[in-house]
Amino acid sequence: VIVAPVSFSLAELAARVGGAVHGDGAARIGRVAPLETAGPGDIAFFSNKKYRDAYLACRATAVVVEAGAPEVPGVARLEAANAYLAFARISTLFHPPPRAVAGVSPQAAVHPSAAVDPSAELGAFVSVGPGVRVGARTILHPGVCLGEGARVGSDCILYSNVVVRDGCAVGDRVILQPGCVVGADGFGFAFDARGEVAGAPQHYKVPQVGAAVIEDDVELGANTCVDRGALGDTVIGRGTKIDNLVQIGHNVRVGPLSIVVAHTAVAGSTKIGTGVVLAGQVGIAGHVEIGDGARIGAQSGILGDVPAGATVSGTPAQPHHDWLRSQAALHKLPELVREVRRLREEIAQLKGKP
Amino acid sequence: VIVAPVSFSLAELAARVGGAVHGDGAARIGRVAPLETAGPGDIAFFSNKKYRDAYLACRATAVVVEAGAPEVPGVARLEAANAYLAFARISTLFHPPPRAVAGVSPQAAVHPSAAVDPSAELGAFVSVGPGVRVGARTILHPGVCLGEGARVGSDCILYSNVVVRDGCAVGDRVILQPGCVVGADGFGFAFDARGEVAGAPQHYKVPQVGAAVIEDDVELGANTCVDRGALGDTVIGRGTKIDNLVQIGHNVRVGPLSIVVAHTAVAGSTKIGTGVVLAGQVGIAGHVEIGDGARIGAQSGILGDVPAGATVSGTPAQPHHDWLRSQAALHKLPELVREVRRLREEIAQLKGKP
Amino acid sequence: VIVAPVSFSLAELAARVGGAVHGDGAARIGRVAPLETAGPGDIAFFSNKKYRDAYLACRATAVVVEAGAPEVPGVARLEAANAYLAFARISTLFHPPPRAVAGVSPQAAVHPSAAVDPSAELGAFVSVGPGVRVGARTILHPGVCLGEGARVGSDCILYSNVVVRDGCAVGDRVILQPGCVVGADGFGFAFDARGEVAGAPQHYKVPQVGAAVIEDDVELGANTCVDRGALGDTVIGRGTKIDNLVQIGHNVRVGPLSIVVAHTAVAGSTKIGTGVVLAGQVGIAGHVEIGDGARIGAQSGILGDVPAGATVSGTPAQPHHDWLRSQAALHKLPELVREVRRLREEIAQLKGKP
C-alpha cells in the first residue's frame with residue numbers, strides 16, 4: 001500500500017463528500033484502512049452487517065457509516081446517504097488515480113504514421129501500429145499492443161499486455177486491466193460438410209470484419225475478451241464495468257452502465273440493456289435481449305429474452321425467489337420420491353377395501 | 001471495417017460460390033454488410049428467422065439466402081444450398097486473410113539457432129527461443145513468445161502476446177488469437193501428506209514433460225489455454241476450432257473438426273472425438289471419452305463417457321430433450337411438494353372413513 | 001519431450017524414493033513414459049483402474065505401483081506407499097526443474113532503482129519497474145512485466161507475459177504460468193445513482209489500494225487472475241496450487257496448501273482455509289468462509305459458509321452424496337409429476353365411492 005503524504009480534517013472530508021460528522025470534526029485523517037486494522041489517524045467504512053463486531057471493536061479515528069449505525073466510544077462517525085460512495089470518494093483523495101508522465105520509452109515501437117498525443121505515456125515494449133491514434137494523458141503500460149488503425153481516447157489506462165486489435169476503438173477515461181483483449185476474431189465458422197471449398201469437410205472461417213468499440217468510462221477486467229463484430233460492431237456501452245475473464249461475443253451490445261461479473265459469457269448478437277447486472281459465471285445465449293435494469297443471478301443460463309427490471313436465476317431462468325424455492329425443494333426431492341411411493345401403496349390398500 | 005477496393009457482379013459472386021441469382025445478375029457488389037444497415041452496392045445474409053423483419057425491410061442490392069426465402073421487392077437473392085458458407089466465401093473475397101510482409105522487426109529477439117523462414121513476418125518484441133522453427137508466410141504479431149524448441153508451421157497467424165512454450169508444436173494454417181497460451185504446465189501434483197520429501201506436507205509438482213500439439217487448420221481463441229502433457233502430448237486435432245477462455249487439460253485429445261465454445265474446461269486425459277460440439281461453459285471430467293459427433297449442451301457437467309452421436313445436457317448428462325423437461329418440471333417442484341402434502345391429507349381422511 | 005541423458009538402476013530409484021523393487025533391481029532406467037507407449041529402459045506409472053488393461057499389456061522395464069498391483073510377466077514393479085509421489089520424484093530426476101542462466105537480456109528494460117539479484121535470469125522484453133526487487137536464481141521469461149515496487153523472491157519461474165502489478169509481492173519458489181495476472185484492480189464500484197459526483201449516474205471506481213501477495217511455493221496457472229485488495233491484501237497462502245483461468249477476487253485469502261481447479265471464481269473477501277479443494281468451475285460468493293479441508297464439487301455455487309472437512313456440491317451446496325441423489329432424482333422428475341397426477345385421479349375416484 002502506497003500512502004500519500006496528505007491529511008485532511010474529518011470535517012473537510014465530510015464537506016467534500018456531503019456527509020455529517022458525529023464526533024470531533026477537527027480530527028486529522030491520514031489514511032483509509034480496513035475496520036479490522038484501522039488505528040489512530042485512519043478512516044474506515046462500515047455497512048455490511050457481517051462486520052458489525054469488527055465495527056464495534058474498531059480503533060479507527062473515524063468510520064464512514066449509513067444513518068442509524070450505532071455509536072462506538074472514541075470513534076467519530078461520518079454519516080452519508082450513500083456511505084459506500086462517500087468512502088470511495090475519500091479513498092480517492094488519498095489515492096488519486098495515476099497520472100501520465102509524458103513521453104515514449106525508447107524501447108517502444110511506434111509506427112511513424114501513428115498519432116500519439118505528446119502528453120501520453122508509452123512504456124517499454126509498447127507496440128503501436130500504423131494509423132493508430134492515442135489521446136491525451138493516456139498511459140500505455142509496458143507490453144501493450146495496439147493493432148493497425150486502433151484508436152484509444154484520452155485519460156485512459158491500458159495495463160501491461162493489453163491487446164487492442166486492428167481497427168478497434170477505445171473511448172475516453174477507459175481502464176483496461178492487464179491481459180485484456182479487445183477485438184479478437186469472433187467465433188464464426190460455416191460448416192462445409194460436403195467439402196465444397198477444399199474437397200474435404202472443414203469449418204470455414206467467416207471473416208470477422210466488424211470492430212470492437214469500447215465507449216467512454218468503461219473498465220474491462222484482466223484477461224477479459226471482447227470480440228470484434230462479424231459484420232457491424234461489438235459495443236461496450238458508456239460507463240459499463242466488466243470484471244476479469246469475461247467473454248463478450250461478436251456483435252453483442254452491453255450497457256451503458258451495466259455490470260458484468262467474472263467468468264460470464266455472452267454469446268453473439270445478444271443485446272444487454274442499460275444498468276443490467278450479470279452476476280458471476282452467467283451464460284447468455286446468442287440473439288437474445290436482456291431488458292434495462294434486469295439482474296441475472298450467478299451461474300444462470302439464459303436461453304431467451306429477459307424483460308426490463310426482472311431479477312431472474314437458473315436455467316432456464318425464473319424469478320430469483322422462485323428459483324431459490326425450486327433449489328431448496330430439489331434438496332428434498334429424494335424424500336418426495338419416497339413419499340409418493342408410500343402414498344401409492346396406501347391408495348392401493350384403500351382400493352382393496354370393500 | 002476496412003473496405004477493400006474491389007467489386008464483383010452478383011453473377012460473378014454466384015458463380016464463385018455455386019449459387020443461383022434471382023434478380024439482376026449484373027448488379028455491382030462492393031461490400032458485405034449486415035441486413036439492418038446494408039444499402040445499394042451491398043450484399044447481406046439472411047437465415048435466422050428472428051431477423052425476418054430486418055430482411056423484409058432491407059435495402060441491400062442483394063441478399064444471400066436459403067431456398068424458399070421470400071422475395072423482397074428491389075432486392076436480388078443469391079440462393080445457395082449452404083447459404084451461410086456461400087456468404088462466408090463472398091465475405092472472404094472482400095476481406096481476404098492478411099498476408100505476411102516478409103521480414104523480422106529490428107526490435108524482435110530471435111535466437112541465432114532458430115530457423116525462421118525468410119517469408120515469415122515477425123513484429124516488434126517477438127521472442128523466438130533457441131532451436132525454434134517458423135514456417136513460410138507465418139505472421140507473428142508483436143509480443144508473441146516462442147519457447148525453446150517450439151515449432152510453428154506455414155501460413156499461421158499468431159496474434160499479439162500469444163505464448164507457445166518450449167517443445168510445443170503448431171501446424172500449418174493455424175490461427176492463435178491474442179493471449180492464447182500453448183503448453184503451460186498441466187495441473188499435476190502428488191500430495192505428500194507425510195512430508196516425505198521436504199519434512200512438511202506439500203503438493204509435490206509432477207513434472208509435465210509432454211508437449212502440446214496443435215494440428216493443421218486449428219483456431220484457438222483469445223486467452224485460451226492448452227496445457228502440455230504430463231507424459232505424452234496434449235493434441236488439438238486438425239480443423240478443430242476453439243473459442244476464447246477455454247481450458248484444455250494435460251493429455252486431452254480433441255478433434256479433428258470439433259467445436260469448443262467459450263469458457264469450456266476439459267480435465268486431463270479425456271478424449272473428445274471427431275466433429276464433437278461442446279457448447280459454452282461446459283465442464284468435462286478427466287479420463288472420459290466423448291464419442292464422434294456428440295453434442296454437449298451449454299453449462300453441462302459431464303462426468304462419464306458420452307456415446308457417439310448423442311446430444312446431452314445437464315449434470316449428470318441426460319438426453320437434451322429429457323433435460324429440458326426435467327428443468328421445466330423443476331420449476332414446478334415447489335407446487336408438486338404442496339400437491340403431495342394435500343394428497344397425503346386426503347388419503348388420511350379416506351382412511352379415517354368407516 | 002526433452003530426454004535428459006541420465007540413467008539410474010531400478011534399485012537406485014527405489015532407494016531414492018523409498019520404494020521396494022519386485023523384479024530386477026539392476027535394470028537400467030533412462031526415461032519416464034506413459035503405460036501405453038513405454039518400452040525397454042522406461043519406467044511408467046499405474047494406479048487408476050481405468051488403465052488396468054494398459055498396465056497388463058505394458059512393455060516398460062518397470063512400473064511404479066501401489067501395493068497389491070498384479071504382476072506383469074517381464075515387467076518389474078517399484079512398490080511405494082504413495083506411488084504417485086514416488087513416480088513424480090522419479091520423473092523429477094529425469095526432468096529436473098529449469099535453472100536460471102544468470103544475466104539480463106540487453107533487450108530487457110530494468111529501471112535503475114530496481115534490485116535484481118545477479119544470479120537471476122531476465123529474458124528479452126522483460127520490464128522491471130522502479131523499486132522492484134527480484135531474488136536469486138529467479139527466471140523471468142520474455143515479456144514478463146513487473147510494476148513499480150513489485151517484489152519477486154528467489155528460485156521463482158515467471159513464464160512469458162506474466163504481469164505482477166505495482167506493489168504486489170511474490171514469495172520464493174513460486175511458479176507463474178504464462179499470462180497470469182497478479183494484482184489487477186479488484187472489481188469495486190459504488191453506484192452513484194443520483195449523479196452526486198459528476199452530475200450523471202455512474203459506477204464510481206473504488207480505489208483498490210491493497211496488494212496481492214503470493215506466498216512461498218505457490219503455483220498459479222496460465223491466464224489466472226489474482227486481484228489486489230481494496231483495503232488490505234489478497235493472499236494466496238503458502239503451497240497453494242491454482243490451475244488456469246481462475247479468478248480470485250479482492251481481499252480473498254486462500255490456503256495454505258489448497259487446490260483450486262480451472263475456471264473457479266472466488267468473490268471478494270471470502271476466506272478459504274488450509275488444504276481445501278475447489279474442483280473446476282466452482283463459484284464462491286463473497287464474504288463467506290470455507291473451513292479447513294473442505295472439498296467443493298465441480299460447478300458448485302457456494303452461497304454461504306462451508307464447515308471444515310465437509311464435502312459438498314450443488315447450488316445451494318449440500319453434502320456431495322445427497323447432491324448425487326438429488327440430481328439422479330431430478331432426472332425422474334417428469335415421471336414423478338405424472339405419477340402424482342395419477343394418484344390424484346385415483347383419490348378422486350376413491351372419494352367418489354359410496
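Colleague: Hi! What rotation superposes chain B on chain C?
Modeller: In this predicted model, a turn of 120° does it, with 0.0 Å of shift along the axis and an RMSD of 0.1 Å.

Colleague: And what about chain A on chain B?
Modeller: Chain A goes onto chain B by a rotation of 120°, with 0.1 Å of shift along the axis, and the RMSD is 0.1 Å. That is how a three-fold axis relates copies.

Colleague: Nice. How many residues does each of chains A and B put into their contact?
Modeller: Chain A brings 74 residues and chain B brings 62.

Colleague: How much area is buried there?
Modeller: About 5,300 Å² is buried between chain A and chain B, and carbon and sulfur atoms give 64% of that.

Colleague: Which three residues supply more than any other three on the chain A side?
Modeller: Those are Phe187(A), His203(A) and Leu231(A), which supply 13% of the area that chain A buries against chain B.

Colleague: Switching topic to helices in chain C: at what angle do α1 and α3 pack?
Modeller: Helix α1(C), residues 10–17, packs against helix α3(C), residues 83–94, at about 120°, and their axes are 10 Å apart. So α1(C) is oblique to α3(C).

Colleague: Is that crossing left-handed or right-handed?
Modeller: The crossing of α1(C) and α3(C) is right-handed.

Colleague: Which residues meet there?
Modeller: From α1(C), Leu13(C), Arg16(C) and Val17(C) meet Ala86(C), Arg89(C), Ile90(C), Leu93(C) and Phe94(C) of α3(C). Sorted by class, this contact of α1(C) with α3(C) has 6 nonpolar residues, 2 charged ones and no polar ones.

Terms used
Residues numbered from 1 in each chain as written. Chains lettered and ligands numbered in written order. Predicted model: local features only at pLDDT ≥ 70, side-chain atom pairs only at ≥ 80, totals over all residues. Heavy atoms only, no water. Axes fitted to C-alpha atoms, helices over the stretch in contact; angles between N-to-C directions. Helix = DSSP H or I, 4+ residues; strand = E, 2+ residues; numbered from the N terminus. Parallel < 35°, antiparallel > 145°, perpendicular 65-115°, else oblique. Left-handed = near helix turned anticlockwise from the far one by under 90°. Contact = heavy atoms within 4.5 Å. Nonpolar A, V, L, I, M, F, W, Y, C, P; charged D, E, K, R; others polar. Least-squares fit on C-alpha atoms with pLDDT ≥ 70 in both. Buried area = accessible area lost by both parts, 1.4 Å probe.
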